[in-house]
Structure formats: structure tokens, C-alpha cells
Amino acid sequence: MAFQPLVDLENKCVFGYEALVRGLANEPAFSVIEKVTAENIYRFDQACRVKAIALAAKSGLTKRLNINFLPGAIYRPELCIRTTLAAAEKYGFPLQNITFEIVETEQVTDTVRLKEIIDYYKKIGFSTAFDDFGSGYANLDWLAELEPNSIKLDMKLIRNIHQKAKKKTIVAAIANLAKALEVDILAEGVESKGERDCLAEMGITKQQGYFFAKPQFEAFIEVDGNRFT
């Protein structure tokens, strides 16, 4: 696993890290994910969770840990979550510090089932987030039906937003909607000062991206303080 900081510009701090899959020798994510099949997706999903929690606990992380999960890998949430709960207990990592990010690798047609998973996770104490919001298969009605704790704006919406009036209008509308629904919002894929500042002016002060730090292999790095100003 590699870990990328999640920053809070308002409080000038790193408030968490996203766990991103890598090969054993730090091979890129696509080289690993391309080997995931219907037969091994469940074991892959479980292995990623355990590894992320183990590394976070070993490092003494006390901040939020975001872990991606594939809806297609969850059959019965009460059974599938046992591995995660066992890992958290074994390594002493607080459940309330874990956020599961829903990753869309294929269209989800059974939103009733997905809501059951999200509700079950919340009941246990986990937080949930929609990854890559604004692209892919997720619809706006997911915000109302599935009620995530947060959404992460897709990097395609973020790229050069300070130079794209239409993108700015779209992101501002999503931000206002999220605020009205009391859903937290984070912008991912921030790569420039212009993007950072434009988003901050719109009230999106939680951000993630290469501008702050690239994912680090099995390491939790802090962000240069100059990146906050």
C-alpha cells in the first residue's frame, strides 16, 4: 500500500491518509488491479483492508484512514466486515478513524443492497465516502438515497478549474448541494496552486493531490507547511 495525505487548508493540517494499492515492490496500482477477477475480488478487497490497517497501526497513525472498497466484493456486509473488525482489534486501530471510499469499477444497479452495506458500516462506527464524484456511474440521487458522510470530487472536474468557468460553476453547485445535505466534501487530484486557491475560495478547503504530496510507499508523510499558504 501507498498512502497520500488528506489536507485541511482551513486548519493547516493533514487530517488523514488514503490507502492506495501497490505491488510488493511499489508497482503502480493498474498493474495490480488488472489482475483482479470475479474469482479473487473478495480476497483482494479483504487483503487491502488488512494491509492498510496493519501499516497504519504500525506507524502509530492517529488520524483518519481512508480505504477503498469495491461494492462488488461485498456479499453480506455482516460477514465480509469480520476481517476488517478482526484486523482493527488485532492491531489496535480505532474503528471511528476508518472511512470506506466507494469505488466505482462497474455500474451499481442494486442501490438498495449498497445502502444496506453503507448503513451497516455506519452502525458499526465507520464513515463512508463516494470516490470520484462527478464522473462514472454515480447519480445525484445517490446523495439522497445512500447518504454518505462525504464525497470526493473527481480530479477531472478539478483540473485547471481556476481557468475553466464552466467547471467552476459545476463544482460550486455540487459544493452548495453537499452543504445543504450536510455532506462533507473533498477535492482530489489537486496539482497546482491555482487549483488549490480557486477551490479554497469556493469553500472547499479539504483537498488531496500531488500539489501537497504524492502517495508514499508504506509511509505516512507530513505536508510542507508552505503548501497550506
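A salt bridge, in the sense used here, is a side-chain nitrogen of Lys or Arg within 4 Å of a carboxyl oxygen of Asp or Glu. With that in hand, let us walk through the structure above, keeping in mind that this is a predicted model.

By this rule the model holds twelve salt bridges. A good one to begin with joins Glu147 to Lys115, whose closest N and O atoms are 3.5 Å apart. That distance falls within the 4 Å limit, so the pair counts as a salt bridge. The two partners sit in distant parts of the chain, 32 residues apart: Glu147 belongs to the loop between helix H6 (141–146) and S6, while Lys115 belongs to helix H5 (residues 111–124). Glu147 is partly exposed, with a relative accessible area of 44%, and Lys115 is partly exposed as well, at 24%.

Now turn to a pair in another setting. Glu18 and Lys152 form a salt bridge with their closest N and O atoms 2.9 Å apart. This pair, too, links distant parts of the chain, with Glu18 in strand S2 (residues 13–20) and Lys152 in strand S6 (residues 150–153), 134 residues apart. Are these two residues buried or exposed? Glu18 is buried, its relative accessible area being 4%, and Lys152 is buried at 2%. If you follow the charges further, you will find a network of salt bridges that links Glu18, Glu101, Lys152 and Glu188.

A third example stays inside one helix. The side chains of Asp45 and Arg49 meet in a salt bridge, at 2.9 Å from N to O. Both lie in helix H2, and because they are four residues apart, about one helical turn separates them. Here is the background to that: an α-helix has 3.6 residues a turn, so residues three or four places apart point the same way. Asp45 is buried, with a relative accessible area of 2%, and Arg49 is buried at 1%.

Helix H2 also leads us to the nonpolar interior. The largest nonpolar core has 60 residues, and those that touch the most other members are Leu65, Phe100, Phe130, Ile151, Val171, Leu199 and Ile204. H2 gives the largest share of this core, seven residues. In soluble globular proteins, nonpolar side chains tend to be buried together. To see one of the well-connected members in its surroundings, look at Ile204: leaving out residues up to four places away in sequence, Ile204 touches Leu153, Val171, Ala175, Ile185, Ala187 and Leu199.

Next comes helix H4 (residues 82–91), whose buried residues are Thr84, Ala87 and Ala88. These cover an arc of only 100° around the axis, which means that they lie on the same side of H4. What covers them includes helix H2 (41–59) and strand S4 (98–102). The face of H4 turned away from that buried side carries the exposed residues Arg82, Glu89 and Lys90. After H4 comes Gly92, with a positive phi near 70°.

Our last stop is Ser127, in strand S5 (residues 127–133). With a relative accessible area of 17%, Ser127 counts as buried, because the cut-off is under 20%. Which residues is Ser127 in contact with, leaving aside its neighbours within four places in sequence? They are Arg64, Ile98, Thr99, Phe100 and Asn149. Phe100 may look familiar, as it was named above among the core residues that touch the most other members.

How values were computed
Residues are numbered from 1 along each chain as its sequence is written. This is a predicted model: local features need pLDDT of at least 70, side-chain atom pairs count only at pLDDT 80 or more; totals for chains, interfaces and linings use all residues. Side-chain values use heavy atoms; hydrogens and water are left out. Buried means under 20% relative accessible area, exposed over 50%, partly exposed in between (1.4 Å probe, protein chains only). Helices (H or I, at least four residues) and strands (E, at least two) are DSSP runs, numbered from the N terminus. The arc is that of the directions from the helix axis to the C-beta atoms. Contact means heavy atoms within 4.5 Å. A nonpolar core is a set of buried Ala, Val, Leu, Ile, Met, Phe, Trp, Tyr and Cys residues joined through side-chain atoms within 4.5 Å.
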